[in-house]
Amino acid sequence: MNKKDHLNSHFIQLEAYSQPKIVESKRDNWVEFGEDNNFFQFLIDRYNGSTTNNAVINNIVKLIYGRGLDAIDSNRKPNEYAQMIMLFRKDVIKKGISDLKLLGQYAFQLIYNKQKTEIVRVEHIPVQLLRAEKCNAKGEIEAYYYSDNWEDTRKFVPKRISAFGFGDKTLEILYVGNYTVGQKYYSNVDYVGCIPYAKLEEEIADYLINDVQNGFSPTSIVNFNNGIPDEEKRELISRQVTKTLTGSKGKKVVVSFNNDETKKTTVDSVPLNEAPKHYEYLSEESKTKILLGHGVVSGLQFGITTQNGFSSNADELKNAITLFDNMVIRYFQDTFIDGIDKVLAYNKISLNLYFKTLQPLEFIDLNPNVSKDELQEKTGVALSSHIDELNVEEFGEDIDLNEWELVDSRMVDIDTEDQLDAELEALNNPKKSLMSKIYDFVSTGVARPNIGSEQDGKLFQSRYRYSGDTTAKSRIFCKKMTAANKLYRKEDIMRMSQSPVNEGWGPKGADTYDIFLYKGGGACHHFWTRETYKRFIDPRRKGSVEVTPAQARKQGEILPKDNKLVYTRPVDMPNKGFLNK
């Protein structure tokens, strides 16, 4: 084949991937990113075109966001926490996280108040529509340029917007990314190494689709042996033949022109040997490399089956999720929170932020020696206290019903507690009371050697029970207390009030508060019940007379009927039991 014949054969090659070029244009004030200043769109195309790349990015974004942004000290700093929630709406955070993962950086629009002393609104701005301004002499980027279409900057003229800290405090851009070696203006995506395989997966998918649409026909070579027409005619004939034999879904034909006029036009087929195995290998290789590029320990955690793994799917899933969360997800969450902290710091707000996790709690390695705040940040689960480590039963006791019987049970009223205690003492000490007639009716029994409470006596005693309906939404403290179903001395409840058994629910987020008065904290649906017991009367004992609860009330008016504060559920109190509205 001579040189002229060689030039008549044309081959299509897959587009090769190369690192994006960052160009400081001499003509424009902005810095170009990638070929044709459009590398962000290149990444978006790889996201849209590659099945595996798309699935992995979507799932990582979900894991980063989890169940949303929260703060460990939200209870102690309710006003600051409320401001943070107002500034960073859920949709703004979700969009920013998507940009961070897919494009390697994210940006916020910061809008200030009229006095320019406070940021009053934060909006998401698509990072692919921004280009950095050339840095100043100190290497600082003072502004970014915004355009709706960087391929046509004449029609969509870029607008200059000051960077955070460099403007007049009307509208600024906070641009956040990770440091990339060799790049001053933009950040590389963390999956840069697997981009060629995302492109390869796209090409495989396109080829297989074309293969189906063309009836699985092999590649064909059409030889025209009656001379070589000029270039314009060759292009025309090639288009006509390709359209006739393949339609509009890609080329399955190679058109060749030859000088030998004595030969007729021939059609030769070029089959691909073992095509299914070939495409299976390429597809598996692309998938593996894409998962590796994103730092995915096991595809099983995203519903992608893998050939290699741990001893079982259960082991693989648990270990993969734990490792992936620590190595990848936390890295993105910390980067994103860094940007939020800059905004909050300007407003003089300091919060210990974290993202609530989507992971099952049993998949997280917990160190029992860490503090509550560290545990909450590590697990991504809001914890009201170390209540699981608290044995609430240590504060209560079981009453031997063979020795005591219940004579009355009612909701506690703080205003009548002292009166009740006085009457209880009177019943247990007849010489000090006008109610000695009751004492004569009952058996003295055997005195308990150790009186556990000031409210205990030989004949009568009072205890308290944590009461109310418990639902799935109830606080852990309330669940533990109602599940224990114990009787508590007043001393027990006072001791609980001095211990951090329900952290964060006290005034201004304090860890301790009056549990006798406020139970599980603001909006709690539980209450205390006061139960009065008298020693059991053995009717077989000579001279003993049974005293019914009604008789006891009639003779001594033991239990007043007024019910006000303590038995009131916090949810029914003013402001639902909270300090402020």
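A nonpolar core is a set of buried Ala, Val, Leu, Ile, Met, Phe, Trp, Tyr and Cys residues joined through side-chain atoms within 4.5 Å. In this predicted model, the largest such core holds 70 residues. The members that touch the most others are Phe88, Phe108, Val122, Tyr175, Phe336 and Leu353. Helix H9, residues 313-346, supplies nine residues, the largest share of this core.

Phe88 gives a local view of the packing. Leaving aside residues up to four places away in sequence, Phe88 touches Ile93, Phe108, Val122, Ile340, Val343 and Leu344. A second core, separate from this one, has 16 residues, among them Met481, Met496, Tyr513 and Ile515.

Next comes a sheet. Three strands form an open sheet in the order E5-E4-E9, paired antiparallel. Strands E5 (119-124) and E9 (171-177) are at the edges and have a single partner strand each, so one side of each has no neighbour in the sheet. On average, neighbouring strands are turned by 30° against each other, direction ignored. Strand E4, residues 105-112, pairs with E9 over seven bridges in the antiparallel sense. One of the bridge partners in E9 is Gly177, which faces Gln105 in that role. Helix H5, residues 90-103, lies across E4 and E5 and runs at about 145° to E4.

Helix H11 can be read on its own. H11 covers residues 417-428, 12 in number, and spans 17 Å from first C-alpha to last, close to the 16 Å expected at 1.5 Å a residue. Its buried residues include Glu417, Leu420, Glu423, Leu424 and Leu427, as well as Ala426 and Asn428. In an α-helix there are 3.6 residues a turn, so residues three or four places apart point the same way.

Conventions. Residues are numbered from 1 along each chain as its sequence is written. This is a predicted model: local features need pLDDT of at least 70, side-chain atom pairs count only at pLDDT 80 or more; totals for chains, interfaces and linings use all residues. Side-chain values use heavy atoms; hydrogens and water are left out. Buried means under 20% relative accessible area, exposed over 50%, partly exposed in between (1.4 Å probe, protein chains only). Helices (H or I, at least four residues) and strands (E, at least two) are DSSP runs, numbered from the N terminus. Contact means heavy atoms within 4.5 Å. The expected span of a helix is 1.5 Å times one less than its number of residues. Two strands pair if DSSP finds at least two bridges between them. Axes are lines fitted to C-alpha atoms, for helices over the stretch in contact, and angles run from 0 to 180 degrees between N-to-C directions.
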